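Subject: Structure handover

Dear colleague,

Here is the structure I said I would pass on. My notes on it follow below.

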Amino acid sequence: MSKLVKVITVLLLCTLLISDSFTVNHIKLKPQQTHKPPQTTNVGPDFLLPRPKLYSGLQTKTKNPLYFGTMWNQYEDEQGYFIRLRETLDYNSIEVNTKVERADPLTFSKVVVTDNYHMNTQLNFTWVKYPNQLNNFALRITGESLYDVKLKEKRDSRVAVYFYIGLADGIVNDPILDKNGELVLTGKDNFYGGFTMSTSYLNAKNLDHKVGFESAQNTFYFSNQTNQPYYASAQVVDMLQSGVSNKNSPACCLGTSNHRQLLPNMKFGQNGRNNLIVIQKILETPFDWLVVFENTENPLNQEQKSLQHVEQIYNSYKEQFEKKFDETYSIGNFARENNLNEMKYREFALQTFSSLINGLSYFEGTGFMKNMSNPNQPVIVLQDRKLLSLIPCKPAFPRAFYWDEAFQEMLQMRWNRDIFEEVAYTWHFESILDPNTGWIAREQFIGDEARFQQPEGAWYGLNNQMNPPVFFITIERYVEMTDKARVYNYFTRTGLFERLEKVFHWYLTTMQAKNSEPYTFIWNGRIADCSVDSGLDDYPRFDTFEEGESDVDIQAWMGKAALVMTNLAVELKKPVDRINYYRDLSYKIVSNLRNLYWNENIQFYVDKSTKFGLNSHIGVPGMLPICLNLEINETRIEKTIEKMSSTEFLFSEGHGLLSLSFKDPKFRRTGNYWRGNIWSPVQYICARGLYKYEKQGIRSAGVLRQKIQNGFAQTVFNNYRLEDPSIGAIYETYHPYDGRGYNNYPFTGWTSLVVLLMAEDYQ
């Protein structure tokens, strides 16, 4: 995933005409038909989940959501025309650093944002859901000034802070004033019902009279009618720059402009059907603003709205969260064995894991599929798609990816199996997919918000491509760590085994390599020497594509998937012919892996071609037969580990495994993505495989595993800069020479696998 991927995705629509209509000489027994069964929802439709792209926001888990969001910008007495309003994380937000201090989407979150764009201000956004209260929640926004290095002092800042409510199916009413002079917002969502939002606490000093108003209690607003109620920044900027004046503007500007840049206390829209309302406060640091949102059928009392009560709820959630984390992902042994500061590494792990699960997002709406066996056919519109998913990166990838999800769920399933079960269900039954063939779009653009401001060419799922079948390994992990009765009930209730059969069958048929041996496979998303659908994007393949080529990584993934299906069929007591079907397939696929892809000259697994022979790229694909425990030849295991351990080939001392060998001619060339960089899922899947060989008595496997988990964990920790919220982040990749963070950030997806490495959780 990168800018490269976005470009390639668009190019594929124009250039990739590979057909998936060929036949395969495979075992005749085909997957059984299955119909989507009723599903009991583990995360209720009334629940509030984080917004996928916002610094801080929530939404209901419904087809037509109720949206909540926050924004801010620096406020000056004489504002210029240009307004730097912060709402969504994007590539232009480099002056703003974001860290999630604590979060569990079921209950609470605290996001710390440092804005260094002229402000040097830290904002804390804390959301808490009231226990046993239908969607009632509180939002606390605090602001404090930071030391200004240029001015060599700590100077208070004025901040325009905004809170908005948007309704996809409902209305907002005209605001009213409470007895303290604060605005109270009311409205009705056609699913949620009536609601009220009010300020229950404000601690902020009054402003200089030059501003045109003195009391911090002054609140400004506007409401409007829009078909995009999920984002408000564009409308606010238009409003502030439009010349619509507020009564607090100086006399010279009334009716002509708005250089005070205050919202106009007006409603727009027609027929009383406004569905977006934004409120604005001008606050000087330090400040503390508490907003309470309540369902009118389940109102809160004054004590429940108090700051003291909200703090008690937060502290209770925080204590429960940390206790559960320590019981689930203990990292004390890791820190002590490596003479590291246990408290600091624990805090780092808590924030890293919080960042991951604070990306739990819900998407519902239409999705698009393109039939690549007939590319001239119009795009197919799929109605009523649904997906509960962890997103990898708010600025770059605020949507779901199939193989990212598989890795991310390896953490979440141990934390909350209810959520994992629903995530797995929506991916395999309700996302952008073809229920008849088993195809699932590798990248999911479901609903208008997910597609908003994204290139149209990337919206379409290409039905001849899928990401690697890592979800089979995730399912294997779930089965291993879950009570047998629960596993049996889950698969029986959902029909997930039968759906996985269809998914597996899609890979088996669609990805069979042409003019190659039966049960050998190739990625279909090939452009030049890259294969986008492999997930390894620009990892080098043969320079020229010719029929007869097959790829070692998909061969290994398929061998592992077949083994998982065999064991799952046994676990679920499927008929003997089903068990034997997958057992025979796994034998054929793994045998081909061992017999056809080992390059004896370089002592490593590689891609092969009937025309060009075996290639010589040493990197991630060739590690997989070892990392997935598919190799039983101890000599080959040792030779592969030797390459993986070597600082001349694949190991960056003190940092981790590379994606491509230092010695490769294409090391860090062109795309510079999977051509040498250090990636978290590679560290984890390889450490997991090495751990199992280590238990079989292969000493070198244990030595390398320790080097991987220790080096990579310390690399991610050092880049995070725990003690300074204004700098540091979790990154998508790390540099092969010095381990510095590289590419997209904050990358809160599979890089969080570092927590499992520190916990030595290789189940």
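Phe-504 is buried, since its relative accessibility is 1% and the cut-off for buried is under 20%. Please keep in mind that this is a predicted model. Phe-504 forms an aromatic pair with Tyr-582, with the ring centres 5.7 Å apart and 75° between the planes, which makes the pair edge-to-face. Because Phe-504 belongs to helix 12 (residues 496-510) and Tyr-582 to helix 14 (residues 576-596), the pair ties together parts of the chain that are 78 residues apart in sequence. Tyr-582 also counts as buried, with 0% relative accessibility.

The count of aromatic pairs comes to 57. One aromatic cluster is formed by Phe-108, Tyr-314, Tyr-317, Phe-321, Phe-325, Tyr-329, Phe-353 and Trp-415.

On the nonpolar cores: the largest has 169 residues, and the members that touch the most others are Phe-353, Phe-491, Phe-504, Trp-557 and Trp-674. Helix 13 (residues 552-571) gives this core its largest share, 11 residues. A second core, separate from it, has 39 residues, among them Leu-58, Ile-141, Phe-163 and Leu-283.

What does Phe-491 touch, leaving aside its neighbours within four places in sequence? The contacts of Phe-491 are Ile-475, Tyr-478, Val-479, Leu-496, Phe-497, Leu-500, Leu-568 and Leu-572.

Next, the cysteines. A search of the whole structure turns up one disulfide. The disulfide is between Cys-627 and Cys-686, with an S to S distance of 2.4 Å. The link of Cys-627 and Cys-686 is right-handed, with 85° about the S-S bond. Cys-627 is in helix 15 (residues 620-627) and Cys-686 in helix 17 (residues 680-695), so the link connects distant parts of the chain, 59 residues apart. Both Cys-627 and Cys-686 are buried. Two further cysteines are worth listing: Cys-393 is buried, with a relative accessible area of 0%, and Cys-530 counts as buried at 12% relative accessibility.

There is also an open sheet of three strands, in the order 33-34-35, with antiparallel pairing. Strand 33 (678-679) and strand 35 (741-742) are at the edges; each has a single partner strand, so one side of each has no neighbour in the sheet. Strand 34 (residues 733-734) and strand 35 run antiparallel and are joined by two bridges. Opposite Gly-741 in strand 35 stands Tyr-734.

Last, confidence. The protein chain has a mean pLDDT of 89, and 90% of its residues reach 70 or more. Which stretches have a pLDDT below 50? One is residues 1-35, which has 95 contacts in the model beyond near neighbours in sequence. Another is residues 248-258, with 25 contacts in the model beyond near neighbours in sequence.

Regards

Note on methods:
Residues are numbered from 1 along each chain as its sequence is written. This is a predicted model: local features need pLDDT of at least 70, side-chain atom pairs count only at pLDDT 80 or more; totals for chains, interfaces and linings use all residues. Side-chain values use heavy atoms; hydrogens and water are left out. A nonpolar core is a set of buried Ala, Val, Leu, Ile, Met, Phe, Trp, Tyr and Cys residues joined through side-chain atoms within 4.5 Å. Buried means under 20% relative accessible area, exposed over 50%, partly exposed in between (1.4 Å probe, protein chains only). Helices (H or I, at least four residues) and strands (E, at least two) are DSSP runs, numbered from the N terminus. Contact means heavy atoms within 4.5 Å. pLDDT is the predictor's confidence in each residue, from 0 to 100. Two strands pair if DSSP finds at least two bridges between them. A disulfide is a pair of cysteine sulfur atoms within 2.5 Å. Rings of Phe, Tyr and Trp (its six-membered ring) pair if their centres lie within 6.5 Å; planes under 30 degrees apart count as stacked, over 60 as edge-to-face and the rest as tilted.
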